[in-house]
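Student: Hey, got a minute to go through a structure with me? I'd like to start with burial.

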Amino acid sequence: MSLFGLQDRYFKYIYNENGKDEFYDLVNDPNELKNVISEDSEVKDKFKEEVIKKIDQFKEEENNGSLKFIQNDDATKYLESVGYFR
């Protein structure tokens with residue numbers, strides 16, 4: 001399972017290959033306690049579009065040998081500890 005994210009000062013979008021994406025309003029929820037992925041938002045849609053575009057770019061680079069994805073157990077454990085795998 002892979003996670004990809006995009007963040008600016010106001011929002012954070014997390015794309016999860018298992019379909020459980022997350023979207024946070026960092027201004028009103030800086031601790032990321034309320035996932036607002038189900039709310040309609042043009043910003044959310046733009047973030048998702050940009051993340052998918054980047055994923056496609058990364059996969060193309062991986063396929064042509066210029067990029068390698070490495071799964072790291074320590075990184076996975078850390079992400080679990082901060083709540084990215086629920």
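Student: So what share of the protein chain's residues is buried?
Tutor: In this predicted model, buried residues make up 24% of the 86 in the protein chain. Buried means under 20% relative accessible area, exposed over 50% and partly exposed in between, with a 1.4 Å probe and protein chains only.

Student: Any ground rules for the numbers?
Tutor: Local features need pLDDT of at least 70 and side-chain atom pairs count only at pLDDT 80 or more, while totals for chains, interfaces and linings use all residues of this predicted model. Residues are numbered from 1 along each chain as its sequence is written, and side-chain values use heavy atoms, with hydrogens and water left out.

Student: Where does Asp25 lie?
Tutor: Asp25 sits in strand β3, residues 22–25. Strands here are DSSP E runs of at least two residues, and helices are H or I runs of at least four, numbered from the N terminus.

Student: Which side chain of opposite charge is nearest to Asp25?
Tutor: That would be Lys34, 8.8 Å away; Asp25 is buried yet has no salt bridge. A salt bridge needs a side-chain nitrogen of Lys or Arg within 4 Å of a carboxyl oxygen of Asp or Glu.

Student: OK, and what is Asp25 in contact with?
Tutor: Leaving aside neighbours within four places in sequence, Asp25 contacts Tyr10, Phe11, Pro30 and Val36, where contact means heavy atoms within 4.5 Å.

Student: Switching topic: in what order do the elements run?
Tutor: From the N terminus on, β-β-β-α-α, with 2 helices and 3 strands in the protein chain.

Student: And the box?
Tutor: Roughly 40 × 30 × 20 Å for the C-alpha atoms, taken along the principal axes.

Key:
Lys and Arg count as positive and Asp and Glu as negative; His and the chain ends are not counted.
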